[in-house]
Amino acid sequence: MSDSTHTGQVSDALKQSLSCLPGGLPDAMVERILRCVHYEPVIGIMGKSGAGKSSLCNTLFSPPPASVDAVRGCTRRVNRYHVRRGSHTLYIADFPGIAETPELDRQYRWLYRAWSSKLDLIVWGLKADERAWKDDLRCYRELLNAGAEPERFLFVLTQADKMEPCREWDNSNHQPSANQSENLAIKTELAMTLFAAVHPVIAVSATENYNLERWAEALIQALPLNSCSAVSRHLNTGLRTERVQNTAREGFVSIAGTIFDEAASVVQTSGKLVRQLQRLRQRFLSLIHVVWHLLF
Ligand SMILES: Nc1nc2c(ncn2[C@@H]2O[C@H](COP(=O)(O)OP(=O)(O)OP(=O)(O)O)[C@@H](O)[C@H]2O)c(=O)[nH]1
Ligand SMILES: [Mg+2]
């Protein structure tokens, strides 16, 4: 069955469940719900050149959208990838990396500032084996000073397999050694402190497929409520874990609750009606919970 058939059936069922509300309220509420369903999030990927931003972005989607270069910085402008699944669209803004040359840096820092307010979330790649994050810190603080909100940033430790002692990486199980794990934990803690990160910092390796499920869960948790379901829809099947789906579903139910409360506030309420509205709200949100997987 197509996306639009599902959406049509769900929208009819939702309107039916709200039919005791007066006037055009059920239609208006369902229209707001559908606007959230078709919301098109934009996720930005920022950080130093060669941090592995494009590679990380490629682990999310299939076929991989970004180009990757081993030596030269290869993202020169903001590549805006359009990812479609059924009637749903997600935009990925893959940014050129900072700290390549001072001239490019001036341009790129301007670019980061111009875009930061347009993004639902900014994933900031920090290379795990990098000794100095001074350029990242400077650029991040500039963005905060220009008004960016710290909760919009999700820092991620990239290329975890290169963490010292890198020769100890377990190539068969794609896991760090005990020494590497210890160093990764120290580096993760350092990133949390230096950047005063709002969301957990997680160490991943895109090429080794290491810790990507945990990272996808952190990504969905860090997103604003209005975009987490829409983003979850586009994750590669392996990354759409039970926890990812639960978090996204709860986020959407919470948005539906807000839509219900705003609509209910215009209804004249007596004591009896308040109790009826509470029961209706519960039934409506249970229905949203059940039909979520048909919408996303
Ligand atoms: N070992 C290892 N190499 C990686 C990993 N992620 C990326 N790389 C390699 O690091 C190099 C740079 O990766 P990119 O994804 O192009 O980095 P970028 O941050 O997009 O670089 P710019 O576009 O220059 O800003 C490439 O050779 C990748 O193959 C990883 O998790 N492990
Ligand atoms: Mg790139």
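Here are five exercises with worked solutions on this predicted model.

**Exercise 1. Get your bearings**

Task: How many helices and strands does the protein chain have, and what share of its residues is buried?

Solution:
- Step 1. Start with the secondary structure: the protein chain has ten helices and six strands.
- Step 2. Next, the outline. Along the principal axes, the C-alpha atoms fill a box of roughly 65 × 45 × 35 Å.
- Step 3. Now burial: of the 296 residues in the protein chain, 52% are buried.
- Step 4. Finish with the contacts. Taking those with a separation of 6 or more, 68% come from residues 24 or more positions apart.

**Exercise 2. Walk across the sheet**

Task: In what order do the six strands of the sheet lie, and which strands stand at its edges?

Solution:
- Step 1. Read the order off the open sheet: 2-3-1-4-5-6, with mixed pairing.
- Step 2. Strand 2 (79-85) and strand 6 (202-203) each have a single partner strand, so these two are the edges, and one side of each lacks a neighbour in the sheet.
- Step 3. Check what "mixed" covers. In general, strands of a sheet pair through backbone hydrogen bonds, in either a parallel or an antiparallel sense.
- Step 4. Find an antiparallel case: strand 2 pairs this way with strand 3 (residues 88-94), over seven bridges. There, Asn 79 sits opposite Asp 94 of strand 3.
- Step 5. Find a parallel case: strand 4 and strand 5 run in the parallel sense over six bridges. Here you can spot Gly 125 opposite Val 156 in strand 5.

**Exercise 3. Look at both sides of strand 5**

Task: Which residues of strand 5 are buried on each of its faces?

Solution:
- Step 1. Count first: six of the six residues in strand 5 are buried.
- Step 2. Sort them by face. Phe 153, Phe 155 and Leu 157 go on one side, with Leu 154, Val 156 and Thr 158 on the other, and both faces are covered.
- Step 3. Look for a helix that packs here. Helix 7 (residues 212-222) lies across strand 5 (153-158), and also across strand 1 (42-47), strand 4 (121-127) and strand 6. Relative to strand 5, helix 7 runs at about 170 degrees.

**Exercise 4. Find the two faces of helix 4**

Task: Which residues of helix 4 are buried, and which exposed residues does the face turned away from them carry?

Solution:
- Step 1. Check the helix itself. Helix 4 (residues 102-116) has 15 residues and reaches 21 Å from first C-alpha to last, close to the 21 Å expected.
- Step 2. List the buried set: Leu 104, Asp 105, Tyr 108, Arg 109, Leu 111, Tyr 112, Trp 115 and Ser 116.
- Step 3. Look down the axis of helix 4: the buried residues fall within an arc of 160 degrees, so they line one face.
- Step 4. Recall the background: an α-helix has 3.6 residues a turn, so residues three or four places apart point the same way.
- Step 5. Turn to the face away from the buried side of helix 4, where you meet the exposed residues Arg 106 and Trp 110.
- Step 6. Ask what does the covering: among the elements over the buried residues of helix 4 are strand 1, strand 2, strand 3, strand 4 and helix 5 (134-145).

**Exercise 5. Trace the salt bridges**

Task: How many salt bridges are there, and which acidic residues does Lys 48 pair with?

Solution:
- Step 1. Get the total, with the cut-off at N and O within 4 Å: the count is twelve salt bridges.
- Step 2. Warm up with Arg 32 and Glu 262, whose closest N and O atoms are 2.8 Å apart. Arg 32 is in helix 2 (residues 25-37) and Glu 262 in helix 9 (residues 242-264), so this pair ties together parts 230 residues apart in sequence.
- Step 3. Now Lys 48, which is buried at 11% relative accessible area. Lys 48 forms a salt bridge with Glu 130, at 3.5 Å between the closest N and O atoms; Glu 130 is partly exposed, at 24% relative accessibility.
- Step 4. Lys 48 also meets Asp 136 in a salt bridge (3.6 Å, N to O). Lys 48 lies in the loop between strand 1 and helix 3 and Asp 136 in helix 5, so the pair links parts 88 residues apart in sequence. Asp 136 is buried, at 1% relative accessibility.
- Step 5. Close with a network: salt bridges with shared partners join Asp 105, Arg 109, Arg 113 and Glu 142.

Technical notes
Residues are numbered from 1 along each chain as its sequence is written. Chains are lettered from A and ligands numbered from 1 in the order in which they are written. This is a predicted model: local features need pLDDT of at least 70, side-chain atom pairs count only at pLDDT 80 or more; totals for chains, interfaces and linings use all residues. Side-chain values use heavy atoms; hydrogens and water are left out. Two strands pair if DSSP finds at least two bridges between them. Helices (H or I, at least four residues) and strands (E, at least two) are DSSP runs, numbered from the N terminus. Contact means heavy atoms within 4.5 Å. Axes are lines fitted to C-alpha atoms, for helices over the stretch in contact, and angles run from 0 to 180 degrees between N-to-C directions. The expected span of a helix is 1.5 Å times one less than its number of residues. Buried means under 20% relative accessible area, exposed over 50%, partly exposed in between (1.4 Å probe, protein chains only). The arc is that of the directions from the helix axis to the C-beta atoms. A salt bridge is a side-chain nitrogen of Lys or Arg within 4 Å of a carboxyl oxygen of Asp or Glu.
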